[in-house]
Amino acid sequence: MSEKVKVVIGDRLGKGQNVAKGVEAAGGIAIVIPGIGADMKLGDVMHEEQADFGISFCGSGGAGAVTANTKYKYPMEFGLRSVDAGVTAIRSGKKVIGFGFMDTEELGRRLTEAYIQTHGR
């Protein structure tokens with residue numbers, strides 16, 4: 001297990017670099033899945049990397065999160081549209097979180113900080 005919080009980011013449009021900057025600013029390790037449709041690979045990459053949590057982005061806010069939950073039984077929250085909703089999901093023990101498109105540093109930073117405050121590291 002890594003000494004730092006490991007976060008996998010899957011964005012339907014192949015983005016996620018700003019969220020990754022926020023994860024790293026909070027002291028975490030960000031793994032951005034490259035390419036279009038990356039959200040659908042979220043569960044597989046989380047499993048391979050033994051990630052602490054994953055963030056999925058798509059128009060509906062849930063496809064990658066639902067897929068990760070279905071395949072790996074990761075506790076999920078999806079359809080989120082705000083940073084505060086994501087923080088609440090992390091604090092309540094969710095491992096995979098689905099958002100509409102929100103590639104912002106604040107999101108990555110605050111989710112990682114919430115994870116560290118709630119779960120340690």
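How many helices and strands make up the secondary structure of the protein? The answer is 5 helices and 5 strands. The model is predicted. Along the sequence, the elements follow the pattern β-α-β-α-β-α-β-α-β-α. The radius of gyration is 12 Å, close to the 14 Å that the globule rule gives for 121 residues, so the protein is as compact as a globular protein of that length.

**Overall dimensions and packing**
- The C-alpha trace spans about 30 × 25 × 25 Å along its principal axes.
- Of the 121 residues, 47% count as buried.
- Take the contacts between residues at least 6 apart in sequence: 60% of them join residues at least 24 apart.

**Surface and charge**
- The protein exposes about 5600 Å².
- Carbon and sulfur atoms supply 51% of that exposed area.
- There are 15 positive and 14 negative side chains.
- The centres of these two sets lie 3 Å apart.

**Strand β1**
- Strand β1 covers residues 6-11.
- This strand is mostly covered, with 6 of its 6 residues buried.
- Both of its faces are covered.
- On one side, K6, V8 and G10 are buried.
- On the other side, V7, I9 and D11 are buried.
- The buried set in β1 thus includes K6 and D11 as well as V7, V8 and I9.

**Pairing of β1 with β2**
- Strand β2 covers residues 29-32.
- β1 and β2 run parallel, joined by 4 bridges.
- V8, buried in β1, has I31 of β2 as its bridge partner.

Definitions and conventions
Residues numbered from 1 in each chain as written. Predicted model: local features only at pLDDT ≥ 70, side-chain atom pairs only at ≥ 80, totals over all residues. Heavy atoms only, no water. Helix = DSSP H or I, 4+ residues; strand = E, 2+ residues; numbered from the N terminus. Rg over C-alpha atoms; globule rule 2.2 N^0.38 Å. Buried < 20%, exposed > 50% of the residue type's maximum accessible area, 1.4 Å probe, protein only. Contact = heavy atoms within 4.5 Å. Areas by Shrake-Rupley, 256 points an atom, 1.4 Å probe, with all protein chains shown as cover. Lys, Arg positive; Asp, Glu negative; His and termini not counted. Charge placed at Lys NZ, Arg CZ, Asp CG, Glu CD. Pairing = 2+ DSSP bridges.
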